[in-house]
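Visitor: I should like a close look at a single part of this model. Please begin with one loop and then connect it to the rest of the structure.

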Amino acid sequence: MWSGSGRRPFGHSVWAAPYRSSARLVVGSSVVAPITLRQLCELGGTDPCAVLDPDRAFDYGPAGGTPELRERIASDLGGLIPDNVAVTSGAGDALASVATLVCRPDAHVIVEVPAHESLLSTVERSGCAATLVQAPIDPALVAELIGPTTSALFLSSPHNPTGQMLDAAVLRMLAESLACVGAVLVADEVFRGVPLGVVSSPPPAATVAPNAVSIGGLSKVYGLPGLRIGWAAGPTMLIDDVRSLQRYTSRCPPMTSEAIAMLALDCQEALLGRARALVYDAFVELTTICERHDGIRLSIPDGGITAFPELDVPDVDNWCARVVERYGILVAPGNACFGVPGRVRINLGLEPEVRTAAFPLLALALAESPELVGGSAC
Ligand SMILES: Cc1ncc(COP(=O)(O)O)c(C=O)c1O
C-alpha cells in the first residue's frame with residue numbers, strides 16, 4: 001500500500017530532460033560544481049598517475065569496497081569499523097540496497113518526502129506498506145507513526161530541497177522509538193558537511209544509535225558525482241546483507257573510483273571548504289535578489305546546498321517553463337519535481353562563472369514576473 005501525498009513527482013532530471021538543449025544554464029540541480037581529476041590531484045599535492053597506478057589490472061574488487069576505503073569511511077564517520085561500512089555505486093545504490101532489505105512484503109516503512117527516486121521506486125516495487133511524511137518533518141509526529149510492523153524510517157538530513165537538519169537528540173529519540181519494534185533509522189546524509197542556518201553539522205546518524213544507518217557519498221558536496229562512490233554505514237548484520245546483495249547486482253564498486261575516493265577523502269576538508277564558500281556566497285547573492293520582491297519568501301536552510309524559496313505565482317511549473325524558454329535558465333519547479341507547489345529549488349553550489357551568468361537572468365525573470373513585483377523592486 002502506498003499512502004501519503006498521492007501522485008509521484010517526476011524528479012528534477014526527468015523534468016529537465018526536454019529543456020536540456022535549449023537551457024543554457026542549469027540552476028535547479030543539486031550538486032556542487034563537479035571538479036576534474038587534475039583539480040583533485042592539485043588539492044592533494046599528487047599527480048594522476050600516482051593515484052591511478054597504470055600497471056594495476058582492471059580486476060574485480062571485493063563486494064562492498066576495498067578494506068582500505070571501508071576503513072577510511074568508518075574512521076571518518078567516527079568510532080565505526082570497516083564491518084559497519086559497505087561502499088556502493090553512488091548513494092542511490094546504497095539507498096536502494098537498504099530499502100530492498102528492509103521492505104519485506106509484510107512490513108511497514110515511513111519515508112520522508114521528497115526523497116531520492118532510488119528509494120521511492122524500491123519501496124513502491126516492494127509492495128510493503130509505506131507512510132509518506134512531508135518535509136520538513138515534526139519528529140514527535142513521525143515517532144507516533146511507528147507501529148509493530150514498522151521495519152524502517154527513511155529520513156534525509158540535511159534534507160534536499162528543504163535543508164532541514166536533525167540534531168543528535170532528535171536522531172537518538174527516533175532511533176530509540178524504532179528500536180522498540182526492531183526497526184532501523186536510515187538517514188540520507190549526502191548533503192552533510194555544509195551547515196548554513198545552524199552553526200555545525202550534527203554527528204552522522206550511524207554514530208548516534210546502534211540501529212541507525214548513514215547513507216553518504218562523494219557525489220554532492222564533494223563535487224564528484226561521476227565517480228559513483230557512495231556508502232551505507234550502520235549495523236554490521238544489515239551492512240553484511242548490503243554486501244551480499246551487491247555480489248548479485250553490480251558485484252563490486254568501480255575500482256578506479258575507489259582509488260580516487262581515497263584521495264578525495266584525504267582532501268575532504270578542502271573539498272568541503274570549497275563547497276561552503278560557493279554555497280555561502282550564492283546564498284547572500286540570492287537573498288539580495290529575493291529581498292526586492294514581496295512575492296518571494298526565502299528562508300535560510302539549516303544546511304545542504306539548495307535554496308527552496310516560495311514564490312507567489314499561480315502555477316510554479318508553468319512559471320519555470322516560461323523562464324527556461326525566455327531566459328535560458330532551468331530552475332527546478334517544486335510541484336513537478338517534488339510535489340511541493342509554490343516553491344522552486346535553486347542550486348547554491350554552482351560554479352562561480354555559471355552563477356555570474358545565471359543569477360542576473362534569474363533576477364530579471366523575477367522582476368519581469370508581474371505577480372512577484374512588489375516591495376522595493378527595481
Ligand atoms: C537526497 C539524495 N540522496 C541520494 C542521491 C543519490 O546520490 P548519488 O549520485 O551518489 O547516487 C541524490 C542525488 O540526487 C539525492 O539528491
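Guide: The loop between strand 8 (212-217) and strand 9 (229-233) holds R228. The model is a predicted one, and the description below should be read accordingly. R228 has a phi near 55°, a positive value in a residue other than glycine. Most residues other than glycine have a negative phi, and most peptide bonds are trans. R228 has 20 other C-beta atoms within 10 Å, and therefore counts as buried.

A second residue with this backbone feature is R251, whose phi is near 75°, again positive in a residue other than glycine. R251 belongs to the loop between helix 9 and helix 10. Its burial class is exposed, because 11 C-beta neighbours lie inside 10 Å. The loop between helix 9 (236-247) and helix 10 (255-266) also contains Y248. Y248 has 8 C-beta neighbours inside 10 Å and so is classed as exposed. Between the C-alpha atoms of Y248 and G223 there are 29 Å, the two residues being 25 apart along the chain.

G223 appears again in the surroundings of I35. Not counting residues up to four places away in sequence, I35 touches L40, G223 and L224. The position of I35 is in the loop between strand 2 (25-26) and helix 2 (37-44). With 18 other C-beta atoms within 10 Å, I35 is partly exposed. The C-alpha atoms of I35 and V98 are 29 Å apart, with their positions 63 residues apart along the chain.

Two peptide bonds also deserve attention. S157 and P158 are joined by a cis peptide bond, with omega about -10°. P158 is placed in the loop between strand 6 (150-156) and helix 8 (168-179). N160 and P161 are likewise joined by a cis peptide bond, with omega about 15°. P161, too, is found in the loop between strand 6 and helix 8.

From these loops the account turns to the interior. The largest nonpolar core comprises 117 residues, and L185, A212 and V213 have the most contacts inside it. Helix 5 is the element that gives the most to this core, contributing eight residues. Domain 1 (2-36 + 269-365) and domain 2 (52-267) both supply residues to the core, so the core lies between them. For A212, leaving aside neighbours within four places in sequence, the contacts are L171, A175, V184, L185, A187, A205, A206 and G234.

Helix 5 (residues 90-102) also has a part in the surroundings of the ligand, where it provides the largest share of the shell, three residues. The ligand is surrounded by 13 residues, of which the closest are G90, A91, G92, H116 and S219. By class, this shell has three nonpolar residues, nine polar and one charged.

The division into domains sets the wider frame. The protein is divided into domain 1 (2-36 + 269-365) and domain 2 (52-267). Their centres, taken over C-alpha atoms, are separated by 25 Å. The contact between them takes 31 residues from domain 1 and 34 residues from domain 2. On the side of domain 1 that touches domain 2, the elements that give two or more residues are strand 1 (2-3) and helix 11 (268-290). Helix 11 provides the largest share of that side, seven residues. The classes on that side are 18 nonpolar, nine polar and four charged residues.

A small sheet completes the picture. It is an open sheet of three strands in the order 11-15-14, with antiparallel pairing. Strand 11 (306-307) and strand 14 (332-333) stand at the edges with a single partner strand each, so one side of each has no neighbour in the sheet. Strand 11 pairs with strand 15 (residues 344-347) in the antiparallel sense over two bridges, and T306 stands opposite N347 in strand 15. Strand 14 is joined to strand 15 by two bridges, and these strands run antiparallel. Here P333 stands opposite V344 in strand 15.

In a regular strand the side chains alternate between the two faces of the sheet. In strand 15, V344 and I346 point one way while R345 and N347 point the other way, and all are buried.

Technical notes. Residues are numbered from 1 along each chain as its sequence is written. This is a predicted model: local features need pLDDT of at least 70, side-chain atom pairs count only at pLDDT 80 or more; totals for chains, interfaces and linings use all residues. A residue is near a molecule or strand if its C-beta atom, placed from the backbone, lies within 6 Å of it. Helices (H or I, at least four residues) and strands (E, at least two) are DSSP runs, numbered from the N terminus. Ala, Val, Leu, Ile, Met, Phe, Trp, Tyr, Cys and Pro count as nonpolar, Asp, Glu, Lys and Arg as charged, and the others, Gly among them, as polar. Two strands pair if DSSP finds at least two bridges between them. A nonpolar core is a set of buried Ala, Val, Leu, Ile, Met, Phe, Trp, Tyr and Cys residues joined through C-beta atoms within 7 Å. A residue is buried if 20 or more other C-beta atoms lie within 10 Å of its own, exposed if 12 or fewer, and partly exposed in between; C-beta atoms are placed from the backbone. Domain bounds come from an automatic or database domain assignment. Two residues are in contact if their C-beta atoms, placed from the backbone, lie within 7 Å.
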